[in-house]
Amino acid sequence: MSVVETPATRRTGGSTPHRASGRATRTRRRRQGSGLPWLLSVPTLLLLAGLLGYPLVRMVVLSFQNMRLRELISGRTPPWVGLDNYTRVLSDSVFWTVVGRTVAFTAVAVIISVVIGLAIALLMRRVAHGVRMLMIVAMMFVWAMPQLVAAQAFRWITDSDFGVLNYLLDMLPGVHYQNHSWFVNPWQGWSVITTLVVWAGIPFLAITLNAGLTQVPKELIEAATVDGATFWQALRNIILPILKPLLTIVTTLSVIWDFGLFTQNWALRDGHPEPEYQTLATYSYTQAFGQSRYSLGSAISVITVLLMLGVMAFYIRQMFKIGEVD
Amino acid sequence: MKRKIVAAAAIAATLLGAAACGSKTDNSPTTSASGAVDGKGKTLKVWLMIDAQSGWKGVVDDASQRFTAATGAQVNVEYQEWANHLTKLDATLAGNDVPDVIELGNTEFPKYVFSQAFAAINPADYENSGTWLQGLKGACDFEGKTYCVPYYAGARVLIYRTDLFKKAGIAAAPKTYDEFLSDADKLQATQKSDAKFGAVYMPGQYWYAAMSWVKASGGDIAKQDGQKWVGQLSQPSSVAGLQKWVDMAKKYSKADPTKNENDQAGIFAQGEAGMFYGNAWEQGAAEQVKKDPNDPNSKLVDTKVKGKLAAAPMPEIPSFLGGSNLGVTAKSQNKQLAAQWIKYFTDSTSMAGLVKANALPNSTALLDKAAADNPTIAPAALAAKSTWFTPNAEKWADVEKGNILQTMLSDILTGKKSVADGAKWADDQINTTLNDN
Amino acid sequence: MVATTAAAPAARPRRRVDDGVMTVGRSRAGTIAANTIGVIFSLFMLFPVYWVLNTAFKPPTEVLALTPTFVPTHPTFDNFLSAFKAQYFLQDMLNGLVVTLMAVAGALVVGFLAALAIARFKFFGRKGIILVILAVQLVPFIALLIPLFLMLQRVSLTDSLIGVSITYLVLILPYTVWTLRGFISGIPRELDEAALIDGCTRGQVFWRIILPLTGPGLVATSVYGFIQAWNEFIIINTLNSPAKQNLMAWLLQNQTTRGTAWGPLMAGAIITSIPVVVFFLIIQRNIATGLTAGAVKG
């Protein structure tokens, strides 16, 4: 990977092509003064700075202040409290329970979704054409359903009075699920939420991984079969290694989405998740907007971003390399 | 185009970090609603809750017309949903383009009054202000001034199935709590074959109901002790009330312990319960549903329980006095006009309209007349004479929004926590929330 | 590796799905089992969709029945009519489309430029830009709600479709840049170099080579932006009043205190999903390939 020598030596005018060097050394990028590329990047950078950067800075500042409703309404600068919000959050066992719950949920949901997604992707290669079309159509419908709509649908299906799930379960002999409430027991409630998240996440995973599987050379698998490899051996030794970069990306993406779980538990709990249904996102939202502890909510958000950055440093490095290479 | 440039320049200015601006409202004079105001060319922005639109839009329009005729100002009413409305309100109040008149639930008001969101008004300017319902007015008072105007009230009553009562051999609505329980037993006995049937429909997070039981036992939610608020739920009398409520709900209710009361009328209409505890209008909501729920003028469709319901005060259980107040925002540019509009919207003419729409008027003086004019709300009007109200603490709304009571009730009803443990937990939460700075 | 996948539509013709890839352990019984599992899986996936449809076509009394019916006994369009007649529904649908299209179009234009810079130029600060674009995707937008609101309020862009459009634009921008970058670097550099040798100007290279070849990438990228913007409800619900919100916020608001009206809610939900389905149908060929490059879910 050749990184630029010195831009200055190449100052021969922004638009002059460098035929010789470009072709001969296969240097992949034109080099010149950074005027044009910066010009191209300016609109993006300005927008990001204005609508993301500035609020972000305000959020961080807010986390060192104590902004309550009174300050919000009057517009007075809230009092500075230093690290108070952080000590309060970090010494609160409720917060750590929420962190633990969010992490646990993310781990479980991601593992289930990726495993099922991969299984479905493999299955799609195995089934008849008609069945594959059916699977694709089914997944497209699920995918097209907005998160909020999907969550409402699940709330309706699991409703204790009118839900079809209780009705169907109740028809099983010896099972009494009339008026069963799925959210009394957090294990059951989280099963519903996880099912929803996995259900909604599978189409993306299965279709992407299926596309990735087209990259697996047929000849390799055939050769393996000739050598007497079982399906599992072929999977472990041929398919997974080839799929690995793609798997890494879809897994990290799933981690980001599931870690930020908000809509699903929010909507399934009708806009007021009980303590055992709080995740980091809903917890920070409830603190900030529900309790008008804007500063505390900001502190939680800052910590969340830091946690994410820590976990995702790996992902960013991976993506960064990709961006660097080509 | 020009506007965009201005906007871009302003964003730039903001980015450069202009200092926070805003005006102090502490010492603003009391807004008067008397005398003539010329409002020609002005438009008043009013936020009412959705109930006004679905229940008594005619009253709103009539008041606005009279207001416009008198002042020349136009009125623009926007109807808000209860779900999440405070979040939106907070964001709006933070800005400068705020509504002039805002309706809030009475338990929500103190937080905003303490936070100086509303301007002081002069009670004498409003009709019946001498006899305003205390449960409504209490939320408006702060440091000797009044910051809002009572709008309407609701009291909860016992709504029951007359046909099932008859079948069980019960002649009249229960007069004592013991009678209520024995009636529930009788209903349960006659409907034994129906596994879905519960004598009482009592959803688990219905805290207005549960706290009424607490009050009935002499308990309380929280009490002020000097500067501090102290949760009272783990006091013996409160625990006794909670226990009484849990025992009743466990024995007679098949309702979801994690639901609140929002859907109770619709669920009760399925005919699988004998009694429920609700607002007067919920009797109507259980008997008839709108064919098209999105159309305020929709045809009504009868439900299974049509013509089989009656209401009576819940014996020995004081009702929570719910309701709404109206306030003039501190940042309003049209405070006097706003106060005038409220005057029209809360006068006796408007109150008569509300009574017709099954809401309780804002004054004790009007309650008896309301009961006489509209038999549907007579039991509620009666119940409104013995009511309780939530602690008048600045942060009370946060207790509600934090779902502290709801969570505790679900927990003790499902056995996740014992009543004593649940009450203790709730007290801790209440103490933190109410005394939080 | 990944970049190759992302660039597939631009760089080389899509390979037809090959039935024979997974030939290991293929047996008749296995095939039957696989097909059966495939069908069961599809039914499981479709069940909630079916149940939404089923509910939407039921009259109110049948919706709220303790014994659910699996086919509406008295099918009706009332719920759909009700949704259409409901206050703000049509307005919000239009708003949603306007806001979403403005945001997507804006993000494509702005993002394309930045993507071009990152993919085709080596310059001082490039690494920094890449890092920023990757990192900002981790920021939870909800946390920025209040500062964002205060800022937009100051420039009178709250309760305005423009304010929301710009916000959504920024929301989908990082991922748009990142995805387009993948597509652009999928175009062999030799192509533009050859064109330059032939005497094309920079501008001509852009218009005649890069832009046409990124076409499928632009389409694929726009879908995810579209879904993202179309599905958002927390920001718009806070920034704007009901007359200036979108369908998602409308759905949220449509649960009245007097009980959830499930029928019209489900009907509204179906209508809300339609634009996304249509969009999917249009770009279905590019879906799988576009995905791997982006980092924001639909």
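1. Quick reminder before the first point: a residue counts as buried if 20 or more other C-beta atoms lie within 10 Å of its own. Keep in mind too that this is a predicted model.

2. With that cut-off, have a look at helix 12 of chain B, residues 335-345. The helix is mostly covered, with 11 of its 11 residues buried. The run goes from B:Lys335 and B:Gln336 through B:Leu337, B:Ala338, B:Ala339, B:Gln340, B:Trp341 and B:Ile342 to B:Lys343, B:Tyr344 and B:Phe345. So lysines and glutamines are on the buried list because burial here goes by the count of C-beta atoms around a residue.

3. Two residues of that stretch turn up again in the largest nonpolar core, which has 318 residues: B:Trp341 and B:Ile342 are among those with the most contacts inside it, along with B:Val101, B:Val200, B:Ala210, B:Leu242 and B:Leu360. Helix 5 of chain C (residues 89-120) gives this core its largest share, 15 residues. In chain B, domain 1 (28-154 + 321-388) and domain 2 (156-320 + 391-434) both contribute residues, so the core lies between them.

4. Who does B:Ile342 touch? Beyond its neighbours within four places in sequence, B:Ile342 is in contact with B:Ala33, B:Val101, B:Val149, B:Leu326 and B:Val328.

5. Now the contact between chains A and B: 25 residues come from chain A and 31 from chain B. On the chain A side, helix 2 (35-62), helix 3 (69-74) and helix 13 (280-290) each supply at least two residues. Helix 3 has the largest share, five residues. By class, this side of chain A has eight nonpolar, 13 polar and four charged residues.

How values were computed: Residues are numbered from 1 along each chain as its sequence is written. Chains are lettered from A and ligands numbered from 1 in the order in which they are written. This is a predicted model: local features need pLDDT of at least 70, side-chain atom pairs count only at pLDDT 80 or more; totals for chains, interfaces and linings use all residues. A residue is buried if 20 or more other C-beta atoms lie within 10 Å of its own, exposed if 12 or fewer, and partly exposed in between; C-beta atoms are placed from the backbone. Helices (H or I, at least four residues) and strands (E, at least two) are DSSP runs, numbered from the N terminus. A nonpolar core is a set of buried Ala, Val, Leu, Ile, Met, Phe, Trp, Tyr and Cys residues joined through C-beta atoms within 7 Å. Domain bounds come from an automatic or database domain assignment. Two residues are in contact if their C-beta atoms, placed from the backbone, lie within 7 Å. Ala, Val, Leu, Ile, Met, Phe, Trp, Tyr, Cys and Pro count as nonpolar, Asp, Glu, Lys and Arg as charged, and the others, Gly among them, as polar.
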